[in-house]
Amino acid sequence: MKLNNVNVIDVEIENVDIKDYPDFCDAYISEAKFTNGKSLDDNQLVELQEQNPDEFNELVLDEFMSYGDLHYGS
């Protein structure tokens, strides 16, 4: 993912609730870092999510699938 054309790594997603499928309206990016290791602040996290809707949705779906694998097997 990128924030204002700067690479961002270690993106963490929170609040993926299976009851919200398929919208996951409560999910959000809770943590991320620039490649230099500096953490994004809350405003930057919101901007990151807004600037990368497709990548955000992919991460949310990955979290959802991981939850299913963990609890229901693959």
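**Around Ile29: core, sheet and helix**

Q: Leaving aside its neighbours within four places in sequence, which residues is Ile29 in contact with?
A: The model is predicted: local features need pLDDT of at least 70, side-chain atom pairs count only at pLDDT 80 or more, and totals for chains, interfaces and linings use all residues. Residues are numbered from 1 along each chain as its sequence is written, and side-chain values use heavy atoms, with hydrogens and water left out. Contact means heavy atoms within 4.5 Å. With those sequence neighbours set aside, Ile29 is in contact with Met1, Val11, Glu12, Ile13, Leu45, Leu48, Gln49 and Phe56.

Q: Which elements each supply at least two residues of the largest nonpolar core?
A: A nonpolar core is a set of buried Ala, Val, Leu, Ile, Met, Phe, Trp, Tyr and Cys residues joined through side-chain atoms within 4.5 Å, where buried is under 20% relative accessible area, exposed over 50% and partly exposed in between (1.4 Å probe, protein chains only). The largest one has 15 residues, and those with the most contacts inside it are Val8, Val11, Ile13, Ile29, Ala32, Leu40 and Leu48. At least two residues of this core come from each of β2, β3, α1 and α2. Helices (H or I, at least four residues) and strands (E, at least two) are DSSP runs numbered from the N terminus, and the elements you are after are β2, β3, α1 and α2.

Q: Which strands stand at the edges of the sheet?
A: The open sheet has 3 strands in the order β1-β2-β3, with antiparallel pairing. One side of each edge strand is left without a neighbour in the sheet because each has a single partner strand, and these are β1 and β3.

Q: How many bridges join β2 to β3?
A: Two strands pair if DSSP finds at least two bridges between them. Val8 stands opposite Phe34 in β3. β2 and β3 run antiparallel, and the bridges that join them number 5.

Q: What angle does the direction of α1 make with that of β3?
A: Axes are lines fitted to C-alpha atoms, for helices over the stretch in contact, with angles from 0 to 180 degrees between N-to-C directions. β1 and β2 pair in the antiparallel sense over 2 bridges, and Leu3 stands opposite Val6 in β2. α1 packs on this sheet, touching β1, β2 and β3, and its direction makes with that of β3 an angle of about 100 degrees.

Q: What arc do the buried residues of α1 cover?
A: In α1 (42-51), Gln44, Leu45 and Leu48 are buried. They lie on the same side of α1 because their arc around the axis is only 105 degrees. On the other side, Asp42, Asn43 and Glu50 are exposed. The arc is that of the directions from the helix axis to the C-beta atoms, and here the value is 105 degrees.

Q: Within what distance of the backbone nitrogen of Asn43 does a side-chain oxygen of Asp41 reach?
A: Asp41 is found in the loop between β3 and α1, and is partly exposed at 41% relative accessible area. At the start of α1, its side-chain oxygen reaches the backbone nitrogen of Asn43 to within 3.1 Å.

Q: Which residues does Asn52 touch, not counting those up to four places away in sequence?
A: Asn52 is found in the loop between α1 and α2 (53-72). Asn52 counts as buried because its relative accessibility is 6%. Beyond those sequence neighbours, Asn52 touches Met1 and Lys2.

Terms used: A polar contact is a pair of N or O atoms within 3.5 Å; within protein, one must be able to donate a hydrogen and the other to accept it, and residues adjacent in sequence count only if both atoms are side-chain atoms.
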